[in-house]
Each structure stands twice: as structure tokens, then as C-alpha cells.
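Trainee: I have a structure open and would like to learn how to read its contacts. Where should we begin?

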Amino acid sequence: MGVLTSIDGQSMDFASKAETNFADVVPQAKGPRFSLNIEPHDISDPRGLVGDVTGVGRWGNGFSEVRLNRIEELSYVVGSARLALECQLDQEHAA
């Protein structure tokens, strides 16, 4: 399920969720920023594109983020969001 919400009346945020948000997409001039609700140490990131934003004040959900800078990175970024979803679903099943 996706939800569009207004941020300060100008930009839009798209959040996808299972029980809680697993990814937020925040459109920005440099390219969309994906906030991922997954611990940085739990994500496989061989390209080094996912950043640890623990303790950084940002709009979005989670401690990891990745920015889509080039269209060629789209499948990698979506794969990172999928890992966040799978991690969240695994945690729900374990509970």
C-alpha cells in the first residue's frame, strides 16, 4: 500500500508499508531519496550506495537511505527497498 502525503505544502512523499513503512520516497532536485526502514548492518550493499543516517534528522522512516542519481541504478535501489520489506516481513513472522 502506498500513501502520498504533503510536506510543507510543496513537495510530496510516497511511503510504502506492510505493518509499518518500509520505504519512503522523497523527491528532491538531485534525484529521489529513499529512506529505508532497515538497519544499515542488515542490508547487503556491494556498491556502497546505501548510507547510514542513524541520528541524522531527515524526513523519512528508517536508519538507511539511498539516492537515485542515475536511471541505471533504479533496479539496485528498488532491490534495496525490497530487502527492507523482506526484513520487516521476516520480523513480523517471527513475532
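Mentor: Begin with a term: a polar contact is a pair of N or O atoms within 3.5 Å, where one must be able to donate a hydrogen and the other to accept it. Keep in mind that this is a predicted model. A case here is Asp24, whose side chain makes a polar contact of 3.2 Å with the side chain of Asn21.

Trainee: Where does Asp24 sit, and which side chain of opposite charge is nearest to Asp24?

Mentor: Asp24 belongs to strand 3, which covers residues 21–26. Asp24 is buried and has no salt bridge; Arg33, the nearest side chain of opposite charge, is 7.6 Å away. A salt bridge needs a side-chain nitrogen of Lys or Arg within 4 Å of a carboxyl oxygen of Asp or Glu.

Trainee: Before going further, how many helices and strands are there in the protein, and in what order do they run?

Mentor: The protein has one helix and six strands. Read from the N terminus, the order is β-β-β-β-β-β-α. Of the 95 residues, 33% are buried.

Trainee: How do I read strand pairing, and which strands pair with strand 6?

Mentor: Two strands pair if at least two bridges are found between them. Strand 4 (residues 33–36) and strand 6 (residues 64–67) run antiparallel and are joined by four bridges. Within that pairing, Phe34 has Val66 as its bridge partner. Strand 5, residues 51–52, also pairs with strand 6 in the antiparallel sense, over two bridges. There, Asp52 stands opposite Ser64.

Trainee: Now the charged side chains. How many salt bridges does a search of the whole structure find?

Mentor: The general idea is that side chains of opposite charge can pair when their charged atoms come close. In this structure the search finds four salt bridges. One of them is between Glu65 and Arg33, at 3.3 Å from N to O. This pair links distant parts of the chain, since Glu65 is in strand 6 and Arg33 in strand 4, 32 residues apart.

Trainee: Are Glu65 and Arg33 buried or exposed?

Mentor: Buried means under 20% relative accessible area. Glu65 has 10% relative accessibility, so Glu65 counts as buried. Arg33 is buried too, because its relative accessible area is 3%.

Trainee: Which salt bridge lies within helix 1, and how far apart in sequence are its residues?

Mentor: Glu86 forms a salt bridge with Arg82, and their closest N and O atoms are 2.8 Å apart. Both residues lie in helix 1 with a spacing of four residues, about one turn of the helix. Glu86 counts as partly exposed because its relative accessibility is 33%, whereas Arg82 is exposed, at 55%.

Trainee: What is linked in a network of salt bridges?

Mentor: That network links Arg70, Glu72 and Glu73. Between Glu73 and Arg70 the side chains meet at 3.7 Å, N to O. Glu73 has a relative accessible area of 7% and is therefore buried, while Arg70, at 48%, counts as partly exposed.

Trainee: Turning to the surface, which residues make the nonpolar patch?

Mentor: Ile71, Leu74 and Val78 make a nonpolar surface patch of about 270 Å². Residues in a patch need over 30% relative accessible area and no salt bridge. Leu74 is in helix 1, residues 74–94. With a relative accessibility of 36%, Leu74 counts as partly exposed.

Technical notes
Residues are numbered from 1 along each chain as its sequence is written. This is a predicted model: local features need pLDDT of at least 70, side-chain atom pairs count only at pLDDT 80 or more; totals for chains, interfaces and linings use all residues. Side-chain values use heavy atoms; hydrogens and water are left out. Patches are made of residues with over 30% relative accessible area and no salt bridge: like charges are joined within 9 Å, nonpolar side chains (Val, Leu, Ile, Met, Phe, Trp, Tyr) within 5 Å. Accessible areas come from the Shrake-Rupley method with a 1.4 Å probe; for residues, only the protein chains shown count as cover. Buried means under 20% relative accessible area, exposed over 50%, partly exposed in between (1.4 Å probe, protein chains only). Lys and Arg count as positive and Asp and Glu as negative; His and the chain ends are not counted.
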